[in-house]
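User: I would like to learn how to read charged and aromatic contacts in a structural model. Could we go through them one at a time?

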Amino acid sequence: AGTGLLVAEVNLQTSCELGSGGVSIMTMAKRTLGNTGSNVSSAAYIFLHYCLLVAYISRGGEGMAGLLGAPKDSLMYTVGGPLAYTVPLCVLCYAPPQRILEGVNSALVAGVVISFGSILAYNVPNVDVAALLHAPVPPVRGSEPLDAAIGSIPVVALAFVYHNVIPVCVTNLEGDVRNIRKAIIYGSGAPLAMFLLWNAAVLGQVPALQTLGYLGGAGEVTDPVAALESYVASTGTGVIALASSSFAFFAVATSFIGFVLGLSDFFTDFVASSTLSSQKNAKDGSSSSSTDRRGALPILLTVVPPFILATSGGKEIFFSALDYAGTFGVMVLFGVLPPIMAWRARYADNVLLATRPLLPGGQPALVGLGAFAALVILRDTYVRVAGG
């Protein structure tokens, strides 16, 4: 929540300086760090969205191919499934009125909550609490458990990314610092609780899954989540099996819609600003300022590149995309940049602060957060370059 509070703080400051709400991350970076900051944030923003869309199309397409009964390694599985998954959701994003999209998205969120609750209700009674105290950690790429834990930091950070909606939150709460702080802290707590409950439900059943033969023993540990899904599918009721398979679909679909809308809006604004810039000497530039937010070019720029990567990247593209998104997207955009922007907003000369710092700790807190994110990026980069 620390960097989230910093984003809110800079957003408040920038909104007051500009006299308008709904200030984007890129505008905040440009206001505090100049064109260089704006370019870095824009590049990280696009990279993050592309990586996540690759992951969503890959996993969603895999599920859709399974529903269609396509044999693995067939063209229908590798291309047809992702196509059948992507096209309807993109049409949903841009064809119907906004209220229909909001209704469908609310239904998908309800599906996430119901399916997640059903899975927990079925699995929690089977959890061995003692197993959570010494849960086995499978080696990752030949690493020791500690290295594996450190290497998972970018993906864990990715799981808790909400920073892109903070400007909307600040605007909707009308700049009320107390409520903004509550929204960020409590809003971070809800997914954290779900994250911990899910991990407890999985890791707490590892010994039982090994005994029943669903998970390999020492030396041949496989994915415990896949083992648990197999166990539920073979022993659970039809409702639980359906909830297990539906949870991933609902979760990926809601995220897919949000990231498609976010990135296509970014490209729409970019196209509109480029058009206005090219017509700056015209007498009336109003025709270009009303660029269609559902035009073909933004949606093609948003969906086509990640679709190509998702359908040509092989079986490991899902995990690779998440790994890259966490390291070079989240850790840059929402790890390194917020402390730097906050530093500039607080300590730059001739700046009248619009609010007291939302994150306590002063300069040491800013340096600590930024340095931690930078070290994670450097460590992961070194591992990749060294071939680890």
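Analyst: We begin with the criterion for a salt bridge: a side-chain nitrogen of Lys or Arg lies within 4 Å of a carboxyl oxygen of Asp or Glu. Please keep in mind that this is a predicted model. In general, side chains of opposite charge can pair when their charged atoms come close. Here, Asp 323 forms a salt bridge with Arg 384, with 2.9 Å between the closest N and O atoms. This contact links distant parts of the chain, since Asp 323 belongs to helix 15 and Arg 384 to helix 16 (residues 362-386), 61 residues apart.

User: Which residues are joined with Asp 323 into one network by salt bridges that share partners?

Analyst: The side chains of Asp 380 and Arg 384 also meet in a salt bridge, at 2.7 Å from N to O. Both residues lie in helix 16, four residues apart, which is about one turn of the helix. Through shared partners, Asp 323, Asp 380 and Arg 384 thus form one network.

User: Is Arg 384 buried or partly exposed?

Analyst: Arg 384 counts as partly exposed, because its relative accessibility is 24% and buried means under 20%. Asp 323 is buried, with a relative accessible area of 9%, and Asp 380 is buried as well, at 6%. Arg 384 has a further contact: its charged end sits over the ring of Tyr 324, 3.9 Å from the ring centre.

User: How many salt bridges does a search of the whole structure find?

Analyst: The search finds three. One of them joins the side chains of Arg 346 and Glu 9, at 2.7 Å from N to O. That pair also links distant parts of the chain: Arg 346 is in helix 15 (residues 317-347) and Glu 9 in helix 1 (residues 2-18), 337 residues apart. Both Arg 346 and Glu 9 are buried.

User: How should an aromatic pair be described?

Analyst: One gives the distance of the ring centres and the angle of the planes. A search of the whole structure finds nine aromatic pairs. Among them, Tyr 85 and Phe 256 are edge-to-face, at 5.8 Å centre to centre with 70° between the planes. Tyr 85 lies in helix 3 (residues 75-94) and Phe 256 in helix 12 (residues 238-278), 171 residues apart. Tyr 85 is buried, at 2% relative accessible area, and Phe 256 is buried, at 0%.

User: Which residues form one aromatic cluster?

Analyst: Tyr 45, Tyr 50, Phe 266 and Phe 267 do.

Terms used. Residues numbered from 1 in each chain as written. Predicted model: local features only at pLDDT ≥ 70, side-chain atom pairs only at ≥ 80, totals over all residues. Heavy atoms only, no water. Phe/Tyr/Trp six-rings, centres within 6.5 Å; stacked < 30°, edge-to-face > 60°. Helix = DSSP H or I, 4+ residues; strand = E, 2+ residues; numbered from the N terminus. Buried < 20%, exposed > 50% of the residue type's maximum accessible area, 1.4 Å probe, protein only. Lys NZ or Arg CZ within 6 Å of the ring centre and 35° of its normal.
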